[in-house]
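Student: I am new to this structure. Could you show me how to read a few of its features?
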Amino acid sequence: MNESMVLSGSLCFLSMGDIIQLLGSSGSTGVLRLINRYAADPGFVYFSEGNPVNAKNGDRDGLNALYSLFGWVNGSFEFTREAIAADKKITKSRMGIILEGMKLLDDGHTKKVGPATAAGKAADLSRSPSGAAIVKGPLVDYMYVVDEEDFFDGEHIVEEGKHGSWIWVILEGVVDIVKESASGTVPIIRIGDGSFIGSMASFLLQGHIRTATAIAAGNVQLGVLDSQRLAQEYAGMSREFKIFLASLDKRLKQLTDCITEYHDGNVKVDDILKDKRVLIRQGKTKEQQLYVVKQGRAFVVRDTENGPVVLCHLYKGDFFGDVPFIHLAQEPEGASIYSSENIKIAKVEAGSMQNEYNRLSTTFKNMVDNMAACMCVTADVVCHSLSSKKTAPADSSIRQGG
Amino acid sequence: MAIFNLKKREIECKIVYYGPGRCGKTTNLEYIFKSYKKQVTGEMVSINTEGDRTLFFDFLPMGLGKIKGCDIRVQLYTVPGQIKYSSTRKLVLRGVDGIIFVADSLEVRREKNMTSLKDLQANLKEYGKSIFRVPLIIQHNKRDLADEGIPLMSVEQMDRDLNRQLKVPSFPGSAIKGTGVGVTLKACLMETLKSLQKEFKWAK
């Protein structure tokens, strides 16, 4: 511990007003440092012989900064005794500052910076018109949360292309998932409370490579999941179910990749669909059957107003068709399946998979459900990004013509 | 709990003026500030809170002697009545040593007085204090208004309303003219010191 640090504690026990009184009655000179996990930077108050002479909170200083610090009802403080070089910007009497600070707080002029406001911020984000829908997950099962971590606004939680196998669940806040493409950063999806960061692929191979970047939008609190326990659960599943999960995970990865590819405009839908036959026609099939690809290739294609959009490529071992226990909004009701000439498929008994799904732990089930929700939204984003791509050149040609 | 400032060899105690809005707490303090200027150390802090003003200043009472060789310094406060000023109220009422309850003698304010006293009890309870144990003085303020023909409650009736169970010293007063202000404060200081001394002996 720093030797000159003479006083430290928690702000919810000793409030700003109390600390100033305490330091005032002891006539101390030094720096009071405040740390609040809901604020990006620490706050500072400089004391000379018991009187606050200057303060700093973010880019504010002087009296305004000091008053704003009264709103820090949560966090910790430490006072170090040292000579101070700060300018004397505050001349108001100690008690005047305290009473005025308290009054501004009670009047609502000073914003409280604590857990309640962070939630408020998240609510604001969900209302913002610029952001797409936020995918929220089910209630968090705290049994699997082994640790909590905080990230500040703009901080990168994971980065695309880096190795890592940790899986987090968002306890509070909103996270932006983005991908790097040739033409810059492409936003994929926004996820909120209960959603997961990190994919099932983490269980499959050690040193899994992150497929996208996760950035905190506003301050975020994450729960680190007990990945060993999840991996153990995964290891105990039937081979078929494992393959099914891996197939789902591949689909989600492909969907995200699609967004960047369409964003860069290097997808030739017509080339892909040339000489292909339709196995399942979108919205036409009543059949509720799950298939697995044994040989050849298949494609998940959604028909939109702007023509067909290729969502995923399916290879040997991948599943398609109707999954009774999760809602993917793809084939058969929301997408068609095209296949190559040499395709061989087999029917899959979905009943046993359903049973296995029902036996999953809450957290694992949450992960599967959240993955499905992300796939629904991502598929929509893919179609949307394509349609906006298609209309954009049309605009420019008009401009050229005019 | 009074604060012992060992550096300055001072005992700092806190006296709070409590009462319904517009009852004359602030006027009491302003009168003290004006007429006991020599004993006031430091400036008067005045905060405009909704419907009321919150005042604070330091006061060095004369002729009270010393406790264990320490001077006695008194912090005088008023507390904003509105519910929303809970942080301020908490700060002011925490560690309070003596309370002066200023009651409004106007007939129309009868109920306000009683609600405010109940409020005080609830607030003190929140900070672990009992209204029956904390040094408390009641001042029946605005007695001068009787001369102007405004209907006032009799002192007896007010005592019945507010002081029947408490049985604390009560004084009539007119803060605007200054009558009863000094007496009230002095009585409160005496009660406060008595209770502090009792506390010290207890500790010994």
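Here is a short talk about helix packing and the build of one chain.

Tutor: Gladly! Keep in mind that this is a predicted model.

Student: How are two packed helices described?

Tutor: Two packed helices are described by the angle between their axes and by the distance between those axes. Take helix 1 (residues 16-25) and helix 3 of chain A: their axes lie 10 Å apart, and the packing angle is about 175 degrees. Because angles over 145 degrees count as roughly antiparallel, helix 1 and helix 3 of chain A are roughly antiparallel to each other.

Student: Which residues of helix 1 and helix 3 of chain A meet?

Tutor: From helix 1 of chain A come A:M16, A:G17, A:I20, A:Q21 and A:G24, and they meet A:R94, A:I97, A:I98, A:G101 and A:M102 of helix 3. By class, this contact has five nonpolar, four polar and one charged residues.

Student: At what angle do helix 3 of chain A and helix 2 of chain B cross?

Tutor: Helix 3 of chain A (residues 94-107) and helix 2 of chain B (residues 86-93) cross at roughly 145 degrees, and their axes come within 7 Å. On the chain A side the residues include A:I98, A:L99 and A:M102, while B:S86, B:S87, B:T88 and B:L91 belong to helix 2 of chain B. The residues of this contact divide into five nonpolar, three polar and two charged.

Student: How many helices and strands are there in chain B?

Tutor: Chain B has five helices and eight strands. Read from the N terminus, its elements run β-β-α-β-β-β-α-β-α-β-α-β-α. Of its 204 residues, 44% count as buried.

Methods
Residues numbered from 1 in each chain as written. Chains lettered and ligands numbered in written order. Predicted model: local features only at pLDDT ≥ 70, side-chain atom pairs only at ≥ 80, totals over all residues. Axes fitted to C-alpha atoms, helices over the stretch in contact; angles between N-to-C directions. Helix = DSSP H or I, 4+ residues; strand = E, 2+ residues; numbered from the N terminus. Contact = placed C-beta atoms within 7 Å. Nonpolar A, V, L, I, M, F, W, Y, C, P; charged D, E, K, R; others polar. Parallel < 35°, antiparallel > 145°, perpendicular 65-115°, else oblique. Buried ≥ 20, exposed ≤ 12 C-beta atoms within 10 Å, placed from the backbone.
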